[in-house]
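Visitor: Please look closely at one part of this structure, namely its nonpolar interior. I should then like to see how the charged pairs and the surface compare with that interior.

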Amino acid sequence: FDDFSRDLCVQSLLEIMDMFCDRLSCHGKAEECISLCRALLSALTWLLRCAAFYAEKVKEPLEQAAAENQLKMCLERLEKLLSSTKNRALIHIAKLEETSSWTTVEQSLVKLGENLNNLGSSPLRSQADNCVSLIKSIPTMLSVHSEQLNKTGFPTVHAVVLLEGTMNLTGETQPLVEQLMMVKRMQRIPSPLFVLEIWKACFVGLIECPEGTEELKWTAFTFLKMPQVLVKLKKYPQGDKDFTEDVNCAFEFLLKLTPLLDKADQRCNCNCMSLLLQECSKQGLLSEANMNNLIDKRAADKENSPSLKSAENANIQPNPGLILRAEPTVTNILKTMDADHSKSPEGLLGVLGHMLSGKSLDLLLAAAAATGKLKSFARKFVKPESPKVFISPPSAKSGPVRALLFDISFLMLCHVAQTYGSEVILSDSNPPGEVPFFETWMLTCMPEEGKILNPDHPCFRPDSTKVESLVALLNNSSEMKLVQMKWHEVCLSISAAILEILNAWENGVLTFESIQKITDNIKGKVCSMAVCAVAWLVAHVRMLGLDEREKSLQMIRQLATPLYGENTLQFYNER
């Protein structure tokens, strides 16, 4: 509305403005908040044009009284709008969004300034000056806001931490420590802000990471690996102050970022700050008094936001707590694997079976990866010949146990390779001619991103007598015999056996029913056989024309569907 000569219309508009100016809030979607900012900027522009119009009118003797009255009403609304820091902040956001509209504001300020001389030194003049200076302060709001944290964002630190947490959980800590120290020196970052930036990046990672394994990786990175990194940073000279003081100061700053902490707590379903503080205190990075003081402050903040209390779900166990408990378990399992189980292999099987329940395995692997123990953990399973169980003479009782120990080790290693990359499992120090079975299989037969598998590779073409006996066994017996089996040989022979079976099916020697019986035999007891069979079939299918693939694909589907029968070995569902 720009016909300012119609006084009553302008008055009505100003009164409408009074109705909502005290009730502005930003609870809503991002788009709604941004449009509120833009609306405020438009309202400000309109009020300035209005004030400039009446300030000019004041110099006309006949209009003076009416114009002063109208100007007074405009300035009252301007002052009310601008006196709230929050409103000025919202206008600041609109200015960043729409620079052209801000140019209009600046032009209106010039115009209003020219007309203010008509007012002499009346109270209206000082009120108008006050409004003008408030508007001029808006562009510098952020820099004036707090001298202490004038440069608070250090995106390089943020990027280094996020990259490491996403891509390199299993990496050594020392190179990361050196990279971070180099950034700190080059950018002359004060220690407290440096540590603050590290924690900010960790919390952003926790909030943003996809659900599932990635979430566990980030949790292990934040709560297990980063405290270790800070322990190493502590050894570098950091200036006059004690490093523990810097860590305490960083946490004090972090406490002010309530929305970040609240979001992380909501995502992880627990008080992340409290767990992190306890872990840092355990590593000697915080004094107990400082830890307790910070924990109390965070607890008080949480008290004040009731929405968070209701959001915490009592039925879901929070990952950070689970990861922190998984870390000592890794050490215990490593010790257990080294013991002699030849007398009672069932004990070892119990440990492995327990690891497979729920998300235990992923928790243990993430904890092992974050503390640099993943390689030694994986190597315990690469040479399953080393626990003496596998060497004990096969008996009817130990047959199923040996089969299960082999199977669980094999499947766990596949899972480690798929989650953390095969380099975690490969060893540089195998004696020549003694590459363990799993390494051979993984390098030549396991599908990985960017790896082209050759289905005619010699490793898929083992001793023909073994293949024949395996085909006969799969085809004839209603039940796999577990006692005499050498499982690594079976896994290497299965691809050639599958080729024989496929050819027989293609040529009408075997019926679909026989194929079903064979695939049930393959997947019914030892799941690794099915994994090895499918790994080869996938490579084989890629070499076939589209019209030749049907039977191979059918077989893959058969092998990939679990068997719902009574007669499976222990831990079948987990496997």
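Guide: The account below begins with the interior and then turns to the charged pairs and the surface.

The model is a predicted one, and the domain assignment of its chain gives domain 1 (7–143), domain 2 (155–304) and domain 3 (344–574). Between the C-alpha centres of domain 1 and domain 3 the distance is 74 Å.

The largest nonpolar core contains 140 residues, and within this core Leu-180, Trp-199, Phe-251 and Trp-441 have the most contacts. Helix 21 (residues 398–420) supplies the largest share of the core, with 14 residues. Domain 2 (155–304) and domain 3 (344–574) each contribute at least three residues to this core. Trp-199 shows the packing in detail: leaving aside residues up to four places away in sequence, Trp-199 touches Thr-222, Met-226, Pro-227, Leu-230, Phe-251, Leu-254, Leu-276 and Cys-280. Phe-251 therefore appears twice, as a contact of Trp-199 and as one of the residues with the most contacts in the core. A second core, separate from the one just described, has 45 residues, including Cys-37, Ala-51, Leu-112 and Ile-138. As a general tendency, nonpolar side chains in soluble globular proteins are buried together.

Burial also extends to other side chains. In helix 2 (residues 30–57) lies Thr-45. Its relative accessibility is 12%, so Thr-45 counts as buried, the cut-off being under 20%. Thr-45 touches Thr-104 and Val-105, again not counting residues up to four places away in sequence. In helix 13 (residues 258–268) the buried residues are Leu-260, Leu-261, Asp-262, Ala-264, Asp-265 and Cys-268; two aspartates are thus in this list. Just after helix 13, Asn-269 adopts a positive phi of about 65 degrees.

The charged pairs come next. Side chains of opposite charge can pair when their charged atoms come close. Across the whole structure, 24 salt bridges are found. One of these joins Glu-197 and Lys-200, whose closest N and O atoms are 3.4 Å apart. The two residues are three places apart in helix 10 (residues 191–208), so about one helical turn separates them. Both Glu-197 and Lys-200 are buried.

A salt bridge between Glu-327 and Lys-373, with an N to O distance of 3.5 Å, has another setting. This pair links distant parts of the chain, 46 residues apart, with Glu-327 in helix 17 (residues 319–338) and Lys-373 in the loop between helix 19 (360–370) and helix 20 (374–382). Glu-327 has 24% relative accessibility, so Glu-327 counts as partly exposed. Lys-451 and Glu-448 form a salt bridge as well, the closest N and O atoms lying 3.6 Å apart; at 27% relative accessibility, Glu-448 is partly exposed. Elsewhere, a network of salt bridges links Asp-18, Lys-72, Glu-76 and Arg-77.

The surface provides a contrast with the interior. Phe-1, Leu-13, Ile-16, Met-19 and Phe-20 make a nonpolar surface patch of about 480 Å². Ile-16 belongs to helix 1 (residues 7–21). With a relative accessible area of 43%, Ile-16 is partly exposed; membership of a patch requires over 30%, so Ile-16 meets that condition.

Key
Residues are numbered from 1 along each chain as its sequence is written. This is a predicted model: local features need pLDDT of at least 70, side-chain atom pairs count only at pLDDT 80 or more; totals for chains, interfaces and linings use all residues. Side-chain values use heavy atoms; hydrogens and water are left out. Patches are made of residues with over 30% relative accessible area and no salt bridge: like charges are joined within 9 Å, nonpolar side chains (Val, Leu, Ile, Met, Phe, Trp, Tyr) within 5 Å. Accessible areas come from the Shrake-Rupley method with a 1.4 Å probe; for residues, only the protein chains shown count as cover. A salt bridge is a side-chain nitrogen of Lys or Arg within 4 Å of a carboxyl oxygen of Asp or Glu. Helices (H or I, at least four residues) and strands (E, at least two) are DSSP runs, numbered from the N terminus. Buried means under 20% relative accessible area, exposed over 50%, partly exposed in between (1.4 Å probe, protein chains only). A nonpolar core is a set of buried Ala, Val, Leu, Ile, Met, Phe, Trp, Tyr and Cys residues joined through side-chain atoms within 4.5 Å. Domain bounds come from an automatic or database domain assignment. Contact means heavy atoms within 4.5 Å.
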